[in-house]
Amino acid sequence: MVESHEYTIEQAINAELPPTLPLLPLKNVVLLPKSITPIIVGRASSIRAVEAALKANRMVFISTQKNAEVESPTVQDVYPGGTRAVVLQVTRMENGSLQILAEGLCRAVIEKTDETEPTFLNVYYKDIPTPAIKNELEAQAIWKQLKKLYLDYARLHDKMPTDLVARVKTVQDMDFISDTIAMHLNLTIAERQDIVILANLKKRMLKLCNFLKREIAFLDVEQKITSQVQTQVEKSQREYYLTEQMKAIQKELGREDQSSEINELYEKAKKAGLSAEAKEKVEKELRRLEQMPPMSSEAVVSRTYIDWILSLPWSKTSKDTISLEQAERILNENHAGLHKAKDRIIEFLAAKKFSKNLERSPVICLVGPPGVGKTSLAQAIAQSTGREFVRISLGGIKDEAEIRGHRRTYIGALPGKIIQAMKKAKTLNPVILLDEIDKMARDMQGDPASALLEVLDPQQNKQFYDHFLDVGYDLSKVMFIATANMMDGIPYPLFDRMEIITLSGYTEPEKKEIARKFLIPKNLKEYGLSARQFKLPDPLLEKIINEYTKEAGVRQLERIIAKLMRKGIQLLLKDEATRSVTVTPELIQEWLGYSKFRKTSLNSRKDRIGLVTGLAWTEFGGDVLEIEASVLSGKGGLTLTGQLGEVMQESAHAALSYIRSRSAELGLPKSFYSTRDLHLHIPEGATPKDGPSAGITMCAALISALTEKSTKPNLAMTGEITLQGRVLSVGGLKEKLLAAKQHDITTVLLPQENYDDIQEILKDTPLDNLKLVFVSTMDEVIAEAFTIASFKKAAQKKAVKKTKGSSA
């Protein structure tokens, strides 16, 4: 039997308030004012409390238990703050319990217990009305923010009642809507209890704002996670479906499934001769691969990794050709000159042949200007030793990952250039050319030069770790050959690990020999010509070398020879009666135009006051510089023109300081500098010039201009000067001496400190009809450069004093 009793809110509001009310303790439920909540009443004391309320004015005091597990609560077991409520509807269930519908009327607090009622809890209470708002503007601002946050929350929460959302948008009763919002938020019992006891409306709305912000953030994260999970589930389901389809298709086509491919990889791993570390890695990856869908991205990454490891040589080596005669013949057939480099290779082969235990290969760095044959020499070395050859271009590399590889976590990751070269070589002991090692850069992504330290260090490269492979790889058997144009661009730690072999520019006779032995036969073969069909006389070959090329190597020369052959082929095709083409000066001018380069023109005047010839080194070989000096009335200024670098300007100032300190011996008044301006100029002003080797030349030019004494004709000099007149060593001597010879210089003044270097040069480069004079002081330079007897006497006197002092 079910009984039902209903009551209206108007009746409750109009009813007289009694001093005591029956207490209805609730488990895990908090009732707020203005909210209607269905409640199941099952405990006997609670049923008696509801029945007592029904007999009176239907009002009860509803509060929440502090501990929901207490079955017979007392007043001390409930929160003192609660809600005065009215029972709107009562339904008696068949099991004796009541289902009531209660609506909160007002916040209230328990003051004490009514001890006169023994069958249920009865309490004295006090209503806590919402205090009046003092700052209406501030309250409206908080209310506006609360509504905005709730609407955002409702947009994210799909189960929020639509009628409540509509009421929040339209109803302006802040007290009512605040409590209603609190009832529909996902709050804990403690948080709801905080709202119940908070009568101040502004504080209550602020607390609700904080709760809403937290819930919105939580819902945002929850939606993102749900979306990601859903996407992943859909992707996995799709991949599974496609995989099953692929299996079915492969089965129909009679193809093997993934297991056969994995078994094949296992067999390859057994035969690859892997190291223990690499073998463990491969087996681990294969086990993972077996558990993955074949078409998944993880499976592709894993298979790529396994393929890379199995494609590398782990134990295979090529047998070195240790015939010294054969190696020497191959080197000489491919290159003219380069004796030092060839000797070093023969030394290594001899040591390898003598000692079977020599495993470490040398690290050689070939330094020289472009076109002198550094790369082709490295190829010849590989050919002479019978090893595989791989070239790695390092020019412009600025990322360490280019050397060490990218980690497998990156999409499209690959091993570095070293491991890629080893895969290409297919042996453990190839010749690897590190081309343009001086042109590497560095930036925020790392320093590739530092990564190369491990590669080139024999103590470390036995276990080289590439980021992609993540296992040690043996590079100790590799012969590394680096090339560079300038030693200055090589970082010192790298420089220290390499044996430097300097390749100078070719001389004119060497270029002729290279053209006859290599360039012309190579291009004849390439264009299908015979030696009878194309002829280039020696005088015209010399003309091309001197007037149409300006280089240390032979690249420009090879391009010009190829162009002449193409022009010759045109003549043969136009006139079938023509059987051969012989290049003539007229044809050269027609095909190549007028001379592109000429020798530096030297001043031919007999009076060489303020004019001295110096020697310079360039990337294209040696050259001569005529340094001019003039004296003008002034206040002691020194003007330097000709686009001189900082070092060269400092050398000019050092030369002038030396002259001022020796003014008496040079016959100059002490105050000569204060009444005169000096101008030092080096022609070809569009070409930058720098370096200390023009120091004695500039000093001699200034002395000549100040003393109005002429220097000897057909004389050139090079050397660095100090403030005390010492002459220091310089570089690039081979190229400088060849330039002097080409310009018909008969006497060259050189630093005494370079004597041994000159003797080494003379072994390979004959310098007939060129007188070499070694000097150690500026006095000796003056004695040799000038024809004036007074300068010679001054130098001789100093030499006598020096001799006497030594004998004493």
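Glu-628 sits in strand β18, which spans residues 621–633; strands here are DSSP runs of E with at least two residues, helices are runs of H or I with at least four residues, and both are numbered from the N terminus. The structure is a predicted model, in which local features need pLDDT of at least 70 and side-chain atom pairs count only at pLDDT 80 or more, while totals for chains, interfaces and linings use all residues. Residues are numbered from 1 along each chain as its sequence is written, and side-chain values use heavy atoms, with hydrogens and water left out.

With a relative accessibility of 32%, Glu-628 counts as partly exposed. That class lies between buried (under 20% relative accessible area) and exposed (over 50%), as judged with a 1.4 Å probe on protein chains only. Although Glu-628 and His-681 are 53 residues apart along the chain, their C-alpha atoms are separated by 5.2 Å. His-681 is also one of the contacts of Glu-628, along with Gly-610, Leu-611, His-679, Leu-680 and Pro-683, once neighbours within four places in sequence are left aside. Contact here means heavy atoms within 4.5 Å.

From this strand the description moves to a helix. Helix α16 covers residues 448–456, and eight of its nine residues are buried, so the helix is largely enclosed by the rest of the structure. The buried residues are Pro-448, Ala-449, Ala-451, Leu-452, Leu-453, Glu-454, Val-455 and Leu-456. Pro-448, a member of α16, has a relative accessibility of 0% and counts as buried. Beyond its neighbours within four places in sequence, Pro-448 is in contact with Ile-397, Lys-398, Asp-399, Glu-400, Ile-403, Met-440 and Ala-441. Ser-311 is 137 residues from Pro-448 in sequence, and the two are 25 Å apart in space, C-alpha to C-alpha.

Two residues of α16, Leu-452 and Leu-456, are among the contacts of Ile-437. The other contacts of Ile-437, again leaving aside neighbours within four places in sequence, are Leu-394, Ala-482, Thr-483, Ala-484, Ile-490, Leu-494 and Met-498. Ile-437 belongs to the largest nonpolar core, which has 56 residues; Ile-437 and Leu-434 touch the most other members. A nonpolar core is a set of buried Ala, Val, Leu, Ile, Met, Phe, Trp, Tyr and Cys residues joined through side-chain atoms within 4.5 Å. A second, separate core holds 52 residues, including Ala-341, Ile-544, Ile-588 and Trp-591.

The next topic is open space. The largest pocket encloses about 980 Å³. On a 1 Å grid over the protein atoms alone, a pocket is an open set of points where a 1.4 Å probe fits, with protein on both sides within 12 Å along at least five of seven lines, and lining residues have an atom within 4 Å of a point. Grid points are joined across faces, edges and corners, and the volume is the space filled by probe spheres set on the points. The lining of the largest pocket comprises 32 residues, and Thr-502, Leu-503, Ser-504, Gly-732 and Glu-735 lie nearest the centre. At least two lining residues come from each of α12 (339–354), β14 (499–502), α24 (733–742) and α25 (755–764). Of these, α25 supplies the largest share, four residues. By type, the lining divides into 13 nonpolar, 11 polar and eight charged residues. In this division Ala, Val, Leu, Ile, Met, Phe, Trp, Tyr, Cys and Pro count as nonpolar, Asp, Glu, Lys and Arg as charged, and the others, Gly among them, as polar.

Several loop residues complete the picture. Lys-34, in the loop between β2 (20–26) and β3 (36–41), has a phi near 70°, a positive value in a residue other than glycine. Lys-34 is partly exposed at 34% relative accessibility. Asn-714 also has a positive phi, about 55°, without being a glycine. Asn-714 lies in the loop between α23 (695–707) and β21 (715–717) and is partly exposed, with a relative accessible area of 43%. Phe-672, in the loop between α22 (646–661) and β20 (676–681), is instead buried at 2% relative accessibility. Not counting residues up to four places away in sequence, Phe-672 touches Ile-659, Arg-660, Ser-663 and Leu-706.
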